[in-house]
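Here is a short walk through one protein model, written for someone who likes to think at the bench. Keep the viewer open as you read.

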Amino acid sequence: KAVAPSDLLLIEILRHRRFAVNAARTAVGSEHVLDEINHYIDTRPVKQQASFVDADPGNHFDTSAPLVVFGPAGIGKSTTIARLAVRAKHVHAAQTFKATTDRENPRNVGVLDGKPRIKTVIVRFARLTNRCQTARDLLFYVCHQILHAFDKDVTSTPHSYNELVEFLPRCLSMATCNRPIVLVIDSVHEL
């Protein structure tokens with residue numbers, strides 16, 4: 001029996017989420033890095049250029065750009081990213097969010113300046129699933145999830161790698177202050 005595309009997306013979301021929860025459960029330390037990353041998420045304006053941050057303690061970064069966590073092998077980047085993905089569901093902009101899970105799109109809902117706020121958290125661990133074995137597949141399902149979260153036509157998701165590279169920024173541009181996107185990708189260099 002064929003699996004519906006929306007079910008494939010849900011399965012992909014849940015597998016990465018489950019992996020993050022399990023990895024975060026066993027992780028210790030790295031609170032300082034998580035605190036700095038959460039500060040970054042809380043203060044980041046929408047739509048800026050990339051910034052890099054060392055996973056080592058004491059480094060500070062430009063909060064006006066996307067964040068790249070890096071460091072030597074074995075320092076705990078993947079578990080830190082897993083903890084970030086789990087924590088991002090519950091901490092953002094010093095607001096207390098009420099978690100609401102919808103069958104197709106786990107997300108948080110809160111209130112900012114009297115307006116409903118929906119935060120879309122997308123987490124992917126490269127090579128964890130069959131749909132994350134290549135950069136093309138990872139991009140396809142990330143774009144697909146963003147479109148779904150913003151109630152857009154998911155059939156418009158392109159299929160070729162080059163088209164997806166151009167399409168992702170358009171998907172991310174849907175983010176606003178009241179509809180932020182937190183995109184967490186681990187081990188992208190392995191693709």
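## Two residues with positive phi

Asp 151 sits in the loop that joins helix 4 to helix 5 (161-172). In this predicted model, the phi angle of Asp 151 is near 55°, a positive value in a residue other than glycine. Is Asp 151 buried or exposed? With a relative accessibility of 65%, Asp 151 counts as exposed, because the cut-off for that label is over 50%.

Arg 127 also has a positive phi, about 70°, and Arg 127 is not a glycine either. You will find Arg 127 in the loop between strand 7 (115-125) and helix 4 (135-149). Its relative accessibility is 41%, so Arg 127 counts as partly exposed.

## The overall layout

Now step back to the whole chain. The protein has five helices and eight strands. Following the sequence from start to end, you meet them in the order α-α-β-β-α-β-β-β-β-β-α-α-β.

Of the 191 residues in the protein, 42% are buried. The accessible surface amounts to about 10200 Å², and carbon and sulfur atoms supply 56% of that surface. Among the contacts with a separation of 6 or more, 61% are between residues 24 or more positions apart.

## Two salt bridges

How many salt bridges does the structure hold? The count is two. One of them pairs Glu 31 with Arg 83, whose closest N and O atoms are 2.2 Å apart. Glu 31 belongs to helix 2 (residues 31-43) and Arg 83 to helix 3 (residues 77-88), so this pair ties together parts that are 52 residues apart in sequence. The two partners have their own accessibility labels: Glu 31 is partly exposed at 37% relative accessibility, whereas Arg 83 is buried at 14%.

Another salt bridge links Arg 136 and Asp 137, with 2.7 Å between the closest N and O atoms. Here Arg 136 is partly exposed, at 26% relative accessibility, while Asp 137 is buried, with a relative accessible area of 17%.

## Links across the sequence

Ser 30 is worth a look alongside the Glu 31 and Arg 83 pair. Ser 30 lies in the loop between helix 1 and helix 2. Which residues does Ser 30 contact, leaving aside its neighbours within four places in sequence? They are Thr 80 and Arg 83. Computed along the chain, Ser 30 and Arg 83 are 53 residues apart, and their C-alpha atoms are 9.3 Å apart in space.

Ile 13, in helix 1 (residues 5-26), gives another example of a pair separated in sequence. Ile 13 and Val 121 are 108 residues apart along the chain, with 10.0 Å from C-alpha to C-alpha. Ile 13 counts as buried, at 6% relative accessibility.

## A buried aspartate

Asp 186 is found in strand 8 (residues 181-186). What is the nearest side chain of opposite charge to this buried residue? That side chain belongs to Lys 77, which is 7.2 Å away, and Asp 186 has no salt bridge. The reasoning is simple: a salt bridge needs the nitrogen and the carboxyl oxygen to be within 4 Å, so the separation of 7.2 Å from Lys 77 does not qualify.

Asp 186 does have a polar partner, however: its side chain makes a polar contact with the side chain of Ser 78, at 2.7 Å. Not counting residues up to four places away in sequence, Asp 186 touches Lys 77, Ser 78, Ile 81, Arg 124, Phe 125 and Ala 126.

## Cysteines without disulfides

A disulfide is a covalent bond between the sulfur atoms of two cysteines. How many disulfides are counted in this model? The count comes to zero. Take Cys 171, which is in no disulfide: the nearest cysteine sulfur, that of Cys 143, is 4.0 Å away. The pair is not counted because a disulfide requires sulfur atoms within 2.5 Å.

Two of the cysteines can also be described by their accessibility. Cys 171 is buried, with a relative accessible area of 0%. Cys 132 likewise counts as buried, at 0% relative accessibility.

Notes. Residues are numbered from 1 along each chain as its sequence is written. This is a predicted model: local features need pLDDT of at least 70, side-chain atom pairs count only at pLDDT 80 or more; totals for chains, interfaces and linings use all residues. Side-chain values use heavy atoms; hydrogens and water are left out. Helices (H or I, at least four residues) and strands (E, at least two) are DSSP runs, numbered from the N terminus. Buried means under 20% relative accessible area, exposed over 50%, partly exposed in between (1.4 Å probe, protein chains only). Lys and Arg count as positive and Asp and Glu as negative; His and the chain ends are not counted. A polar contact is a pair of N or O atoms within 3.5 Å; within protein, one must be able to donate a hydrogen and the other to accept it, and residues adjacent in sequence count only if both atoms are side-chain atoms. Contact means heavy atoms within 4.5 Å. Accessible areas come from the Shrake-Rupley method with a 1.4 Å probe; for residues, only the protein chains shown count as cover.
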